[in-house]
Amino acid sequence: MDDEQRRQDDWAKERKHRLPTFQEVLSRRTRPPVDLFMFYLFLQREGAEDILDFWLDVQQHENLCRAYFKDVRKSGRTIREDWPEYWDYARRRGSIYGTVVGLNPQGGKRSTASTGDMLSEQDRQNLAASGDEKAAMRSPSPRMTSVSPGEHTAVGTAEPPRSSTPFSLSRRTPTLFKRASRAPTIIPRSQAISRQDLIASAERIYYRYLSPAGTAPGATENHEIYLPPALRIHTFPLSSSHEPKSQSEMALMAQIPDMFHAQKEYCYRAMEQDAFPRFLRAKAFGNLTPVSALVRLIAGLVILWIGLAVGFSLIFLDVQPKSKRFFLFIPYTLAVLFLISHQYELDPVLVFFGQSESTPFRTLHIREPYVKKLLLGRAIWVSVLVAAISVALTMIFWAVPGHRL
């Protein structure tokens, strides 16, 4: 217990001197403005929140599978006795639940941080190639491997993409007023988890994110994400409405626990390499949303025009005394503040009050220590810059001699 507490204290001290990692954000170990809620809003503004929804839903699906395996072991039965098809599949191909089901008690062949032994060598090459392709050309976002009725593996044949929607978030149409966030797939634990619950969970994920638009039974909207051809699932032959009975259906059901893990890892890497660095730049080095920054740009240009018009009027009307020109400091300060706030996407006044925007003109308190330190330093620099430019403009207009036209 003391060692665990010491590790927690060391981690907390370390966090005060660095930005959070992507894993820390996903595991909800960070605080605003770099927490999971803010990351979701960031993706939502760029129309790419479906990939995070998919990752969270698959995480929930995997947690459900872990709970099922733990329930089986608590009942006194082994996984081999309760689900022999899955045991054989996991023993041959490996599984992320190896430690839970008793396959690899020394730590397992796979971990949740890698795609692991569930993939064949060809799968790994395809997954690595998709990652290299994304790094080279900012390729699109995720989608899945094929599972057809006659196959016992999760590898599909390559075919043209069904969706042209890229994951490169900068290419997506902003959706500031899009639908509200959906909660992850959750099955209530009012009773023991059954294998039909696992099928129902996988079925919802498939029809929500992986099936072509319009093919989901009874679905009102489709949130299909993009995956490279090697990671697509083209069919879902099982149904939660009836139990699998044939040998092929039982073999397919054995893949349900590990079914989406490779796709989840691809999504993780895509977000970590593309969206997350931009999220940190936006929230750890700035505190404004794009809409708020744009409003400040427009307001700054208007106020600057008014200030310049008044300044030139005072000069060419030779208004006396010249000390009246010092009042130009007010519009110049506001104009320069708004313009530099737009340039840096940072409002120093909000930072000094410890606030950061979550949505346009709505703020929350900055609670992440290192981010607060970074923003405070940038806010001081912006304030000095605003003061210097405002004083320079005011002195220039004060020093010019008046000349009545």
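Buried means under 20% relative accessible area, exposed means over 50%, and partly exposed lies in between. The model discussed here is predicted.

Q: Is lysine 70 buried, exposed or partly exposed?
A: Lysine 70 sits in helix 4, residues 49–74. Its relative accessibility is 46%. Partly exposed covers values between 20% and 50%. Lysine 70 therefore counts as partly exposed.

Q: How many Å apart in space are lysine 70 and valine 100, C-alpha to C-alpha?
A: In sequence, lysine 70 and valine 100 are 30 residues apart. In space, their C-alpha to C-alpha distance is 7.0 Å.

Q: Which domains each give at least three residues to the largest nonpolar core?
A: This core has 78 residues. Phe39, Leu52, Phe69, Tyr86 and Ile256 touch the most other members. At least three residues come from each of domain 1 (19–100 + 192–285) and domain 2 (286–399).

Q: Which residues does isoleucine 256 touch, leaving out those up to four places away in sequence?
A: Isoleucine 256 is among the residues of the largest core that touch the most other members. With residues up to four places away set aside, its contacts are His61, Leu198, Ile199, Ala202, Phe236 and Leu238.

Q: Where on helix 6 do its buried residues lie?
A: Helix 6 spans residues 84–93, and Tyr86, Trp87, Tyr89, Ala90 and Arg93 are buried there. Seen down the helix axis, the buried residues of helix 6 fall within an arc of 165 degrees, so they line one face of the helix.

Q: What is the phi of glycine 94?
A: Glycine 94 follows helix 6. Its phi is positive, near 85 degrees.

Notes. Residues are numbered from 1 along each chain as its sequence is written. This is a predicted model: local features need pLDDT of at least 70, side-chain atom pairs count only at pLDDT 80 or more; totals for chains, interfaces and linings use all residues. Side-chain values use heavy atoms; hydrogens and water are left out. Helices (H or I, at least four residues) and strands (E, at least two) are DSSP runs, numbered from the N terminus. Buried means under 20% relative accessible area, exposed over 50%, partly exposed in between (1.4 Å probe, protein chains only). A nonpolar core is a set of buried Ala, Val, Leu, Ile, Met, Phe, Trp, Tyr and Cys residues joined through side-chain atoms within 4.5 Å. Domain bounds come from an automatic or database domain assignment. Contact means heavy atoms within 4.5 Å. The arc is that of the directions from the helix axis to the C-beta atoms.
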